[in-house]
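Here are my notes on the model you sent, set out as numbered points. Please read them with the structure open beside you.

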Amino acid sequence: MDFIVNLAAGFMNLFTLGGQQFMSWVTGIIPTIVMLLVLMNAIMAIAGEKTVTKLASVCTGNPVLRYAVLPFVSAFMLGNPMALSMGKFMPEFYKPCFYASVTYHCHTNNGLFPHINASELFIWLGIANGITALGLDATPLAVRYLLVGLAANFISGWATEFTTKMVEKQQGVTLSRAFGAAK
C-alpha cells in the first residue's frame, strides 16, 4: 500500500515542481522576452517595412551578411521562433537558406543570450550546471559555442543555397532573387 501512496505522491509532486518552474519563468525570463519582442516590433513599426526590406536587400547581396550577420541580429532581436519572420523580407530563393542559418543561430547563441531560445534553455543550463559543478566557469564554453555556431550557421546557409540551386535545376524552376517579387 505504501508503494501506491508514494507513487501517487511522487506523481503529484512532479506537477508541483513543474508549476514552480513555470512560475519562475513567468516572473523571470518571460517578461524579459516579452519586452524584447515589444521593442523589436516597435523598432520595425517605427522604421517601416521599406526600411526593413532595404536592410534585407543590403544583407542579401553579401553571403557573410546574408548567413552570419542578418540571422544573428534576427535571432538576437527577435528570438525563436520570431527570428524566422525576418525571412519574409527576402527574395524567394534566399528564404530556405536564411531559414537554415537563422534556426541554428537560435540554438548556438543561447549560451550567451538565453532570451533567444528560452524553450531550450534547459539544455544549456544542464550543460552549464555540469561545468560549474566541476568548479569551472561556463562563460568560455558559451563564447566558444557562439563562435563555432557563427561559422557552422554560415556554412549551413551557404550549403542550403547550393542545394536550392540543385533543386531549382532538377525541378526546372527558377526562384526569384530580386526584391519586390511575390512574397
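1. Trp-25 is placed in helix H1, in what is a predicted model. This tryptophan also belongs to a nonpolar surface patch of about 710 Å², whose other members are Phe-22, Met-23, Val-26, Ile-30, Val-34, Met-35 and Val-38. The patch draws on two helices, since H1 and H2 each supply at least two of its residues.

2. The two helices that contribute to the patch also pack against each other: H1, covering residues 2–27, and H2, covering residues 29–47, have axes 3 Å apart and an angle of about 40° between them. On the H1 side the contact involves Ser-24, Trp-25, Val-26 and Thr-27, and these meet Ile-29, Ile-30 and Pro-31 of H2. Sorted by class, the residues of this contact comprise five nonpolar and two polar ones, with no charged residue. Trp-25, Val-26 and Ile-30 are therefore worth viewing twice, being listed both in the contact and in the patch.

3. A second helix pair deserves a separate look, namely H3 (residues 49–60) and H4 (residues 63–78), whose axes come within 7 Å and cross at roughly 130°. Because angles over 145 degrees would be needed for a roughly antiparallel label, H3 is classed as oblique to H4. From H3, the residues Leu-55, Ala-56, Val-58, Cys-59 and Thr-60 are in contact with Leu-65, Arg-66 and Leu-70 of H4. This contact divides into six nonpolar residues, one polar and one charged.

4. Which residue forms a salt bridge with Arg-66? The partner is Glu-161, and the closest N and O atoms of the pair are 3.1 Å apart. Arg-66 lies in H4 while Glu-161 lies in helix H7 (residues 139–171), so the bridge ties together parts that are 95 residues apart in sequence. Arg-66 thus appears in two roles, as a residue of H4 that meets H3 and as a salt-bridge partner of Glu-161. The count of salt bridges for the model comes to four.

5. Finally, I would draw attention to the peptide bond that joins Asn-80 and Pro-81, which is cis, with omega at about 5°. Most peptide bonds are trans. Pro-81 is located in the loop between H4 and helix H5 (95–108).

Definitions and conventions: Residues are numbered from 1 along each chain as its sequence is written. This is a predicted model: local features need pLDDT of at least 70, side-chain atom pairs count only at pLDDT 80 or more; totals for chains, interfaces and linings use all residues. Side-chain values use heavy atoms; hydrogens and water are left out. Axes are lines fitted to C-alpha atoms, for helices over the stretch in contact, and angles run from 0 to 180 degrees between N-to-C directions. Helices (H or I, at least four residues) and strands (E, at least two) are DSSP runs, numbered from the N terminus. Angles under 35 degrees count as roughly parallel, over 145 as roughly antiparallel, 65 to 115 as roughly perpendicular and the rest as oblique. Contact means heavy atoms within 4.5 Å. Ala, Val, Leu, Ile, Met, Phe, Trp, Tyr, Cys and Pro count as nonpolar, Asp, Glu, Lys and Arg as charged, and the others, Gly among them, as polar. Patches are made of residues with over 30% relative accessible area and no salt bridge: like charges are joined within 9 Å, nonpolar side chains (Val, Leu, Ile, Met, Phe, Trp, Tyr) within 5 Å. Accessible areas come from the Shrake-Rupley method with a 1.4 Å probe; for residues, only the protein chains shown count as cover. A salt bridge is a side-chain nitrogen of Lys or Arg within 4 Å of a carboxyl oxygen of Asp or Glu.
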